[in-house]
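This report describes a predicted model. It begins with an internal cavity and then turns to the strands, the helices and one residue of interest.

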Amino acid sequence: MVIMMNKARNVGKFCLMVALGMMLGGLMMVYILSSESSNTGHQPKSKNLQIFRKPPSRSGSDIQVNSYDIITNNNYIRRREEAEHACERLKSSVPALPTPPMPSHFLVDDQYKIVFCWVPKVASGNWKTTLSHLRQHYTNGAWLPTNRQKNLGIPSLQDYTSEQIKMRLTRYFKYVFVRHPFERLLSAYRGRFESRGPYSSKTSISFQSFGKFVDYLTEAYDNKELFNIHWRPQTDLSTPCEIKYDFIGHFETMEEDVAFLFKHLNFTGTGFRGDSPYATGSSDPKLMQKYFTNLTQTQKDNLYQIYARDFDVFGYPKNY
């Protein structure tokens, strides 16, 4: 009888241990599944934009390099994809793509490992000032350029060898800011031929009206030497079909885009001036309407033909 009771107690202990083991196993399984589910929810999509991010910490004058940071922003992804798709169409339908980039239009910062393509009439002066202040900050004031220096003394691709240029265009973070082609064109016209500012006297040609200026562009377009960089197509200057930009900013969303870049590039010791002493107000719809209403349909068609790539690659509507 005693033996049978002992066996019963042993069997009971065994069953209890098995039950406890099954409960612990179940709890572990629930924990693992929940952890995997949580991690999966934070995995980036395959098309996410990669933004090179710098840490704010420094050792002496050297900025430490950080790894790539995955950014999920549909607006910026869409801009890149639109540019890539447009370039694919151009390569199949246009025999000659834009000329190679002007090296002096690509500013370089080897500490932050960035290449910025500046386009006239797209806050290019503001960006040069920002990058100049950035360089002064991380050199602790040892680098002090003057306003008379080209590009405020910031190095450009023309200061490097072919191999060095190739490396920077391959490995560095590349960005450009663009603008509605017609608004940029009007800004150039008003700044060069209507205002009394410092730029108004820097050209030997003049026009009685905006329409006459448009006629000049139509005749001069085939001559790149006569086609000033202030109204030269943005795709000619930035060559987005040859250079795959990591980020394409828009003048129309400048404040939002600049804030995005400052955060994800960790710019410190510098800021960005939102206004400009050379602003012409050419983004005002009423002002645009005033100038473009007086153009003939033929003149508008000629302008659309000249700036066709800008509209296609950068996704701007043909709304004038």
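## The cavity

The largest cavity holds about 40 Å³ of space. A search of the whole structure finds 1 cavity of 30 Å³ or more. The residues that line the largest cavity are Leu 107, Val 108, Asp 109, Ile 114, Leu 131, Arg 135 and Ile 154.

Strand S5 gives the largest share of this lining, with 3 residues. S5 and helix H3, which spans 124-138, each supply at least two residues of the lining.

## Overall figures

The secondary structure of the predicted protein comes to 11 helices and 8 strands. The protein has 320 residues, and 42% of them count as buried. Its accessible surface comes to about 18,200 Å², with 54% belonging to carbon and sulfur atoms.

Contacts were also sorted by sequence separation. Among those between residues at least 6 apart in sequence, 74% join residues at least 24 apart.

## The open sheet

An open sheet is formed by 4 strands in the order S5-S6-S7-S8, with mixed pairing. Its edge strands are S5 (106-109) and S8 (247-250), each of which pairs on one side only. Neighbouring strands of the sheet are turned by 20° against each other on average, with direction ignored.

The mixed character of the pairing can be followed strand by strand. S5 and S6 pair in the antiparallel sense over 4 bridges. S6 (residues 114-117) and S7 (residues 173-178) pair in the parallel sense, over 4 bridges. S7 and S8 pair in the parallel sense over 4 bridges.

## The S5-S6 hairpin

S5 and S6 form a hairpin with 4 residues between them. In the turn, Lys 113 has a positive phi of about 55°. Two bridge partnerships tie particular residues of these strands: Leu 107 has Phe 116 in S6 as its bridge partner, and Asp 109 has Ile 114 in S6.

Leu 107, Asp 109 and Ile 114 also belong to the lining of the largest cavity. S5 is covered on both faces: Phe 106 and Val 108 on one side, and Leu 107 and Asp 109 on the other, are all buried.

## Strands S6 and S7

S6 is likewise covered on both faces, where Ile 114 and Phe 116 on one side and Val 115 and Cys 117 on the other are all buried. Towards S7, Ile 114 stands opposite Phe 173, Phe 116 stands opposite Tyr 175, and Cys 117 has Val 176 as its bridge partner. Ile 114 and Phe 116 thus appear again here, having partners in S5 as well: Asp 109 for Ile 114 and Leu 107 for Phe 116.

S7 is mostly covered, and 6 of its 6 residues are buried. On one side these are Phe 173, Tyr 175 and Phe 177, and on the other Lys 174, Val 176 and Val 178. Lys 174 is therefore among the buried residues of the strand, as its relative accessible area is under the 20% cut-off. Towards the edge strand S8, Val 178 stands opposite His 250.

## Helices on the sheet

Helix H4 (residues 162-171) packs on the sheet and touches S5, S6 and S7. The direction of H4 makes about 75° with that of S7.

Helix H8 (residues 254-265) lies across S6, S7 and S8. H8 runs at about 170° to S7.

## Ala 188 in helix H5

Ala 188 is found in helix H5, which covers residues 181-194. Is Ala 188 buried or exposed? Ala 188 counts as buried because its relative accessible area is 1%, and buried means under 20%.

Which residues is Ala 188 in contact with, leaving aside its neighbours within four places in sequence? They are Lys 121, His 230 and Trp 231. Ala 188 and Pro 120 are 68 residues apart in sequence, and their C-alpha atoms are 8.5 Å apart in space.

Definitions and conventions:
Residues are numbered from 1 along each chain as its sequence is written. This is a predicted model: local features need pLDDT of at least 70, side-chain atom pairs count only at pLDDT 80 or more; totals for chains, interfaces and linings use all residues. Side-chain values use heavy atoms; hydrogens and water are left out. Two strands pair if DSSP finds at least two bridges between them. Axes are lines fitted to C-alpha atoms, for helices over the stretch in contact, and angles run from 0 to 180 degrees between N-to-C directions. Contact means heavy atoms within 4.5 Å. Buried means under 20% relative accessible area, exposed over 50%, partly exposed in between (1.4 Å probe, protein chains only). Accessible areas come from the Shrake-Rupley method with a 1.4 Å probe; for residues, only the protein chains shown count as cover. On a 1 Å grid over the protein atoms alone, a cavity is a set of points where a 1.4 Å probe fits but cannot get out, and a pocket is an open set with protein on both sides within 12 Å along at least five of seven lines; lining residues have an atom within 4 Å of a point. Grid points are joined across faces, edges and corners, and a volume is the space filled by probe spheres set on the points.
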